[in-house]
Structure formats: C-alpha cells, structure tokens
Amino acid sequence: MDRDGPIRDRLLRLLDRIDRAAARAGRRREDVRLIAASKAQPVERLIEAREAGVTAFGENYVQEAEAKVPALPGVEWHFIGRLQRNKAGKAVALFAWIDTVDSIRLLRDVARRAGEAGRVVPVLVEVNLAGEAGKAGVPPEGLPELLAAAAGLPGVRVRGLLAMPPMAADPEESRPWFARLRELLVTHAGRGGPAGALTELSMGMSHDFETAIEEGATMVRIGTALFGSRMGRR
Ligand SMILES: *Cc1c(COP(=O)(O)O)cnc(C)c1O
C-alpha cells in the first residue's frame, strides 16, 4: 500500500516542491496553501496526513464528508466536488469553504443556508475555461453576472476562482489556462462586493501544481502525490 513511503515522507517532498515552485516565481511560500484532496481515502489516511501537518482537506462528496469531518476536528474543510442544490444545507454545516460554486441558483441556496446557520461562507467560483461540454463551471463571460448576484447575498463572500483546465499529460499545456484564470481574477478582483476583493486562485493538482504555482495559484488541491494512488477508486 505504501509503495512510495508513508504520507509524512510524501508530504515533505511535496512541500519542498511547492517551496521551490514559489521561489521560482518570486512568490512567498506562505501565499500557497496545500489542500489535501482526500476523496476515496479512508479516514485513517486523513488522520495520518493531519498528524504529519496537513491543515486543510478537500472532499468531493457530502455523504463521504459526513463520516470524515467529525473524525478530524480543527481542520479546514473545502468542498471541491459538484454540489447538488439539495445538499447545500449539509455542505454549509460541514465545510468551511465551498470552492465549486458555478451557478447563481446554487449561490443563492448556499447563501440562504449560510444565513440560517448564522454564517458567512467563503466561496470560490468554478470557471469552465475551455467551454468543455459536460464539465462544471461558469463560462468566463458568466462571471460578471454571478459576481453581481453574490454582492447582494450577505451569506456568501466570493474569495476567488477555481478551475480545472482540459486534461493534459504535459503540465506546460495547462500553463496558458492557469494564466487565463489569473487574468480573470485580476479583471474581476474588485467585484467581490462590499466584503472586498477576490484574491484566491485554486488551481493545480498532483501532475501540474508546480506550473499552477508559477502562474499564481494560492491553493493547490493535491490527492495522489500526497496519499498515493486511489487504487482505482474514483
Ligand atoms: C481528486 C481531485 C483533485 C486531486 O487530484 P490528484 O490528481 O489526485 O492530485 C483535485 N481537485 C479536484 C476537484 C479533485 O476531484
């Protein structure tokens, strides 16, 4: 199972690679957060990662998170999957951040549930950069309308953007997409409403996070490079 060594060793290697990518880009290391993408990993692996120093986890399924969240108090949970509108209430109860909002209707549901819970939920807007069919995310042209809607919803605060560029084996192919997401953030930075500017860029996974950091990622979502393979599961 631990073909590549324990999680602690992989984490150290990963943090070192993050450090070096940040340095190459002249960026501060502390401006890049590691979000451990822990879908399909048993809770024992998350606890191992937590003990090694991981402080933020991303989960894709509300139901899976319901079993994991109580076992890891004190960590920052990010929802990074596709959120069904009827699960917005549960997601607000479980997650600190919702990183994949991609419609005004979903935004309203999250805001309403957040209001009921007495929270202001930080969210990211997922962008479908390449207009890929069947993929989540708002088209870049849809951002102004969604951000304008968010500005009128006290239960949510849009903190930035998330994207998954088209699949490519070579991370260099993702670079222009990462740069594009950063441009969109710059363009819309002032549209966070009275609560302030958009500053977060969630981009980069195990195979391309260094390129994403070079292009400005402030959050990288990393699964296999930290936990090892999901062994065929999702
Ligand atoms: C699984 C997943 C990741 C991590 O993918 P790896 O290639 O295993 O690092 C990142 N983001 C999302 C949305 C995911 O579902």
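# A guided tour from W77 outward

Begin by selecting W77, which lies in strand 3, the stretch of residues 76-79. The model on your screen is a predicted one, and every value on this tour was computed from it. W77 is buried, because its relative accessible area of 4% falls under the 20% cut-off. Now display what surrounds W77: leaving out residues up to four places away in sequence, W77 touches L46, F57, E59, K68, V69, L72, L94, F95, A96 and W97. Add A56 to the selection as well, since it offers a distance to check in the viewer: W77 and A56 are 21 residues apart in sequence, and their C-alpha atoms are 5.9 Å apart in space.

From here, turn to the nonpolar interior. Which residues have the most contacts inside the largest nonpolar core? Select F57, I98, V110 and L161, which hold that place in a core of 66 residues. I98 is a useful one to centre on, and, with residues up to four places away in sequence not counted, I98 touches F79, L83, A91, V92, V110, V121, P122, V123 and L124. Apart from the largest core there is a second, separate core of six residues, and I35, A56, W97 and M219 are among them. In soluble globular proteins, nonpolar side chains tend to be buried together.

The next stop is A40, which you will find in the loop between strand 1 (33-37) and helix 2 (43-52). Look at its backbone, for A40 has a positive phi of about 70° although it is not a glycine. Is A40 buried or exposed? With a relative accessibility of 11%, A40 counts as buried.

Move on to A136, another loop residue, placed between strand 5 (121-126) and helix 6 (143-151). A136 also counts as buried, at 12% relative accessibility. To see what is around A136, select R82, D102, E126 and N128, with which it is in contact once its neighbours within four places in sequence are left aside. Of these residues, D102 is worth a distance check, as the C-alpha atoms of A136 and D102 are separated by 7.0 Å while the two residues are 34 apart along the chain.

For a contrast in exposure, select T187, which lies in helix 7 (residues 171-188). T187 is exposed, because its relative accessible area of 53% is over the 50% cut-off. If you then add L143, you can draw a line between the C-alpha atoms of T187 and L143, which are separated by 10 Å and belong to residues 44 apart along the chain.

Finally, zoom out and show the whole chain, in which there are nine helices and eight strands. Its radius of gyration is 17 Å, close to the 17 Å that the globule rule gives for 234 residues, so the chain is as compact as a globular protein of that length. Taken along the principal axes, the C-alpha atoms fill a box of roughly 50 × 40 × 35 Å. Of the 234 residues in the chain, 50% are buried, and of the contacts with a separation of 6 or more, 59% are between residues 24 or more positions apart. If you switch on the surface, the accessible area comes to about 10,700 Å², with 52% of it belonging to carbon and sulfur atoms. Colouring by charge makes a last view, in which the mean positions of the 35 positive and 31 negative charges are 4 Å apart.

How values were computed
Residues are numbered from 1 along each chain as its sequence is written. This is a predicted model: local features need pLDDT of at least 70, side-chain atom pairs count only at pLDDT 80 or more; totals for chains, interfaces and linings use all residues. Side-chain values use heavy atoms; hydrogens and water are left out. A nonpolar core is a set of buried Ala, Val, Leu, Ile, Met, Phe, Trp, Tyr and Cys residues joined through side-chain atoms within 4.5 Å. Buried means under 20% relative accessible area, exposed over 50%, partly exposed in between (1.4 Å probe, protein chains only). Contact means heavy atoms within 4.5 Å. Helices (H or I, at least four residues) and strands (E, at least two) are DSSP runs, numbered from the N terminus. The radius of gyration is taken over C-alpha atoms; the globule rule is 2.2 Å times the number of residues to the power 0.38. Accessible areas come from the Shrake-Rupley method with a 1.4 Å probe; for residues, only the protein chains shown count as cover. Lys and Arg count as positive and Asp and Glu as negative; His and the chain ends are not counted. The place of a charge is taken as NZ of Lys, CZ of Arg, CG of Asp or CD of Glu.
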